[in-house]
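Open the model in your viewer and have the selection tool ready. The stops below go from a helix pair to the empty spaces.

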Amino acid sequence: GVSPGTRLALLVRPGIDFVALVFGLLRSGATLVLVDAGLGRKNLVDCLAATEPEGFVGIPQAHLLRLLYRRRFRLAKHNITVGRRWCWSGPTLRELEAMGSHSTAVLPHTSANDPAAVVFTSGSTGPPKGVEYRHETFAAQLTEIERMYGLQAGGVDLACFPLFGLFNVALGITTVLPEMDFSKPASCDPAKLIAAAKDWNVTQSFASPAVWDRLSRYCREHRLAVPTLCELFSCGAPVPLSVIERTLAHVHAQATMHTPYGATECLPISSISAAELKKQSKVQNVLEAGTGVCVGKRVESIEWKTIAISDQAIEGIDDCKPVDGGEIGELIVRGPKVSRRYVAIGAQQANRLAKINDGDTVWHRTGDVGYFDEGERFWYCGRKSQRVAFAGRTLFTECVEGIANSHPAVRRSALVGIGTSPSVVPIVVVEPEPGRWTAKSMQSVRDFLHQHEMTRDIRHVFVHSSLPVDIRHNSKIRREELAKWASKQLATRRTNK
């Protein structure tokens with residue numbers, strides 16, 4: 001009963017059934033709806049309901065949710081239970097497989113422009129948005145990944161981010177799903193990751209910076225290594241050079257580490273390897289000077305440019321104000337793997353603010369700000385919405401944090417702005433480096449910031465034991481949430497004076 005365009009919510013834990021269902025549903029012409037379980041019940045239900053799914057393919061808990069909110073899922077008629085069916089109707093996955101084994105149904109033809117999925121953003125800088133993926137999107141992503149990294153059949157991937165494992169299947173690469181909570185990658189048990197890697201002689205692995213940080217620290221502490229691991233990938237947030245170097249010290253001697261850059265709406269946009277970073281002899285000094293994070297050159301299928309930073313909607317490309325190569329602007333991109341529109345929650349307003357028409361094509365406003373260097377590499381300076389304007393100047397998160405993070409007692413930091421213009425107060429919140437933070441560290445960090453032109457006017461530094469991060473990769477700092485915390489700290493400090 002499923003036909004092309006039918007929207008089906010897929011709520012299944014990562015595993016063999018998940019992989020088989022994704023490919024089966026895509027081949028049927030159905031449109032997958034994928035939402036992170038870590039969003040919490042309210043956001044999960046809101047996102048699913050906004051897509052008006054015509055069925056659920058999920059574990060028993062997903063169907064209990066469907067029944068609990070049945071008024072919001074009135075169209076959900078095609079319901080498949082992955083596991084044991086309880087008090088609802090519809091076949092189980094095993095029953096469906098038995099039916100399919102002798103089916104004579106003719107599978108539909110799908111074209112490049114047909115919808116394939118609605119993938120929700122993690123909501124790290126605002127409400128989650130439903131991104132429409134077409135079949136062309138997935139095909140272009142696969143082609144680009146294969147071309148960029150030279151991945152070949154026969155490899156074995158430790159998939160700490162399960163969605164990347166779908167590309168493995170298409171490329172003939174074995175996927176090993178380690179024992180971990182994929183919705184909380186930063187809580188992974190390094191010992192279990194190492195055990196899985198050694199049991200299956202993994203040759204590559206895709207994980208978030210939080211996982212690489214945790215794993216490499218464990219390897220250093222216990223003097224362990226994964227000698228078969230040759231290709232490493234990290235995505236979700238910039239990876240500190242210290243984490244890259246520490247990680248590469250505990251894998252194959254000739255291993256390479258790649259950091260693809262992009263977003264749910266367009267991935268990948270660019271990529272940079274650890275080797276490329278090391279070739280830039282002044283990279284570390286550049287980071288300390290606060291000029292952002294290099295994310296490399298664009299991939300072949302992407303066009304990109306920077307435009308003047310604006311919070312207003314831009315209807316057509318002719319309405320954009322270009323900026324010089326070395327000037328910080330907002331990055332916009334277009335290409336076959338760039339999503340053309342949002343659907344579901346707040347789609348109309350989101351499309352108005354994030355999409356720019358250009359004839360028959362659409363440019364996507366990434367919301368990221370940065371600049372191009374002479375080698376046409378993009379230097380990421382932060383999110384547009386998180387810039388801090390005060391005293392006639394603008395501070396960008398990655399630039400300021402690059403300075404703060406270079407202090408030996410700081411593990412990571414976050415720039416936030418408190419108040420409204422023209423009375424914004426810039427604050428740096430630091431997370432201490434374990435074992436290096438002492439009673440004198442706070443004053444040392446303040447003095448360190450005052451030594452740099454960019455950060456000399458930042459008068460407030462607060463300490464937070466663990467900065468809040470996004471639910472998908474546990475690596476992007478949730479600065480909006482942190483700003484509320486910092487505001488209370490500032491109010492308390494002023495009250496006590």
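This tour of a predicted model visits a helix contact, two cavities and a pocket.

**Stop 1: the α7/α8 crossing**

Select residues 190-199 for helix α7, then residues 209-222 for helix α8. At what angle do their axes cross? The crossing is at roughly 85°, and the axes come within 9 Å. Angles of 65 to 115 degrees count as roughly perpendicular, so α7 is roughly perpendicular to α8.

Now show side chains. On α7, pick Pro-190, Ala-191, Leu-193 and Ile-194. On α8, pick Val-211, Arg-214, Leu-215, Tyr-218 and Cys-219. These residues make the contact. By class, the contact has 8 nonpolar residues, no polar ones and 1 charged.

**Stop 2: the largest cavity**

Keep Leu-193, Val-211 and Leu-215 selected; they are among the residues that line the largest cavity. Add Leu-158, Cys-160, Ala-197, Ser-205, Ala-207, Trp-212, Val-226 and Leu-229 to complete the lining. The space inside is about 60 Å³.

Colour by element next. α7, β9 (204-207) and α8 each give two or more residues to this lining. Which of them gives the most? It is α8, with 3 residues. Colour by class, and the lining divides into 10 nonpolar residues, 1 polar and no charged.

**Stop 3: the second largest cavity**

Stay with Trp-212, Leu-215 and Val-226, which are also among the residues lining the second largest cavity. Add Ser-216, Cys-219, Thr-247, His-250 and Val-251. The volume here is about 50 Å³. α8 again supplies the largest share of the lining, this time 4 residues. The classes come to 5 nonpolar, 3 polar and no charged.

Cys-219 has now come up twice: in the contact of α8 with α7, and in the lining of this second largest cavity. The count of cavities of 30 Å³ or more is 3.

**Stop 4: the second largest pocket**

Clear the selection. Pick Val-2, Gly-24, Leu-25, Ser-28 and Leu-96. Of the 28 residues lining the second largest pocket, these are the closest to its centre. About 960 Å³ of space lies in this pocket.

Then select α1 (16-28) and α4 (93-100), the elements that give two or more residues to the lining. Which element has the largest share? α1 does, with 7 residues. To finish, colour the whole lining by class: 16 residues are nonpolar, 8 are polar and 4 are charged.

Methods. Residues are numbered from 1 along each chain as its sequence is written. This is a predicted model: local features need pLDDT of at least 70, side-chain atom pairs count only at pLDDT 80 or more; totals for chains, interfaces and linings use all residues. Side-chain values use heavy atoms; hydrogens and water are left out. On a 1 Å grid over the protein atoms alone, a cavity is a set of points where a 1.4 Å probe fits but cannot get out, and a pocket is an open set with protein on both sides within 12 Å along at least five of seven lines; lining residues have an atom within 4 Å of a point. Grid points are joined across faces, edges and corners, and a volume is the space filled by probe spheres set on the points. Ala, Val, Leu, Ile, Met, Phe, Trp, Tyr, Cys and Pro count as nonpolar, Asp, Glu, Lys and Arg as charged, and the others, Gly among them, as polar. Axes are lines fitted to C-alpha atoms, for helices over the stretch in contact, and angles run from 0 to 180 degrees between N-to-C directions. Angles under 35 degrees count as roughly parallel, over 145 as roughly antiparallel, 65 to 115 as roughly perpendicular and the rest as oblique. Contact means heavy atoms within 4.5 Å.
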